[in-house]
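Me: Please take me through one part of this model in detail. I should like to know how it packs against its surroundings and which side chains take part.

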Amino acid sequence: MIQPFTPEPIRYVAADGVPLRTLPPAYTPGRLRELHAQMLRAREFDRKLITLLRQGRTTFYAQSSGMEATQVGLASSIRVGHDWVWPYYRDHTLGLALGVPMFELLSQCLGTNSDPSRGRQMPHHFAARAQNFVSVSSSIASQVPPAAGNAMAQKYLGTDEITVTTFGDGATSEGDWHAGLNMAGAAQAPCLFVCENNQWAISTNLKAQTASETIHVKAKAYGMPGFYVDGNDIVAVTEVCTHAAGWVRAGNGPALVECLTYRVGSHSNADADAEKSYRTREEVQEWLGRDPITRVEALLSHLGHPVDAAERAELIARTHREVDEEVRRAEATGQPDWRIVFEDVYADLPGHLREQERELRAEQTAGHSGGRV
């Protein structure tokens, strides 16, 4: 039985891959292999995006390496296209696990014509209509109050949808975070709050942010259960998030899940020297020893179904081929046309903007005679 407010993170599998309790029947070797493939795909996507950054083909990216079990495990608890997701800016692994096409995600990162946001949003701030995946925002915790409001609307309308919102540990220091949880608790709204506690808010560690020993205990103040889980244990995250989502769907009000994990990379490409600036190599190495992908591989070996070197290499190569192909497809669509500046905001374009459009069209005509205007 999964209990709230445990003093230690809930675990099903130790760092060496040995089960700490009987695994639920759903975790067959085949299912574990599927979860492993999703996590490895996300890890290699990270690596390829860093290459695109260094080539100057995109300008911003926030890695999720080390956090794959948290996001893939959470995805298993979400009814795709039915529940609503208000993510934070490190959630591309969650998006991929929910079925957001890699082509759309890369198009957004590259700002091409195939970007569903039409090049308007900063790179790596994507949305996905089919998955009810709301646009990523850079403003810390700004997604939390609207997610609470979304859940309040779901309750008012009597739907069976729930809202899931994610955030890092740094977001819990923001007033928006507390306002969102307070309103959801007061309204008993069907909202699942998930803290991806990677222990560093840019260069500020958790101990410098709060006197609380953990994040999940804060749920007590807002009248909801708080669950604490080892975020590098794919089985534990899946089980705890599924349980918490079930609690919310049953009409019991909101719940908070804290997934204890670690970002082994930098905060973003604007923070490329994390080890020298604010954390030690020893700390990073310690967490590399708890790697979620290595852990599920060790579990499969323990169960007698190891992932051999050739299989792993093929999974990596397949992701690299996929990224390369989707980048080529996206870049082939070209850059967004200047006309989009005037589109998708007003149903009827105001007069002053019509005048600006005429002026810009004349400039484009003069500067590109014979071209598309």
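**Helix 1 in close view**

Reply: Helix 1 crosses helix 11 in a right-handed sense (left-handed if the near helix is turned anticlockwise from the far one by less than a right angle, right-handed if clockwise). The model is predicted, with local features requiring pLDDT of at least 70 and side-chain atom pairs pLDDT 80 or more, while totals for chains, interfaces and linings use all residues. Residues are numbered from 1 along each chain as its sequence is written, and side-chain values use heavy atoms, without hydrogens and water.

Helix 1 covers residues 29-54 and helix 11 residues 309-332 (helices are DSSP runs of H or I, at least four residues, numbered from the N terminus). Helix 1 comprises 26 residues and spans 38 Å from first to last C-alpha, close to the 38 Å expected at 1.5 Å a residue (1.5 Å times one less than the number of residues). After helix 1 comes G56, with a positive phi near 75°.

Against helix 11, the axes approach within 9 Å and cross at roughly 50° (axes are lines fitted to C-alpha atoms over the stretch in contact, with angles from 0 to 180 degrees between N-to-C directions). The two helices are therefore oblique to each other (under 35 degrees is roughly parallel, over 145 roughly antiparallel, 65 to 115 roughly perpendicular, the rest oblique). From helix 1, R33, H36, A37, L40, R41, E44, F45, K48 and L52 meet E311, R312, L315, I316, T319, H320, E322, V323, D324 and V327 of helix 11 (contact means heavy atoms within 4.5 Å). This contact contains eight nonpolar, three polar and eight charged residues (Ala, Val, Leu, Ile, Met, Phe, Trp, Tyr, Cys and Pro are nonpolar, Asp, Glu, Lys and Arg charged, the others, Gly among them, polar).

The next partner is helix 10, residues 292-302, whose axis comes within 10 Å of that of helix 1 and crosses at roughly 155°. Helix 1 is therefore roughly antiparallel to helix 10, and the crossing is left-handed. Here P29, L32, R33, H36, M39, L40 and R43 of helix 1 touch P292, I293, V296, E297, L299 and L300 of helix 10. The residues involved are nine nonpolar, one polar and three charged. R33, H36 and L40 thus serve this contact as well as that with helix 11.

Helix 2, residues 68-75, packs against helix 1 at about 130°, the axes being 10 Å apart. That angle makes helix 1 oblique to helix 2, in a right-handed crossing. L35, Q38, M39, A42 and R43 of helix 1 contact E68, A69 and V72 of helix 2. Five of these residues are nonpolar, one is polar and two are charged. M39 and R43 take part here and also in the contact with helix 10.
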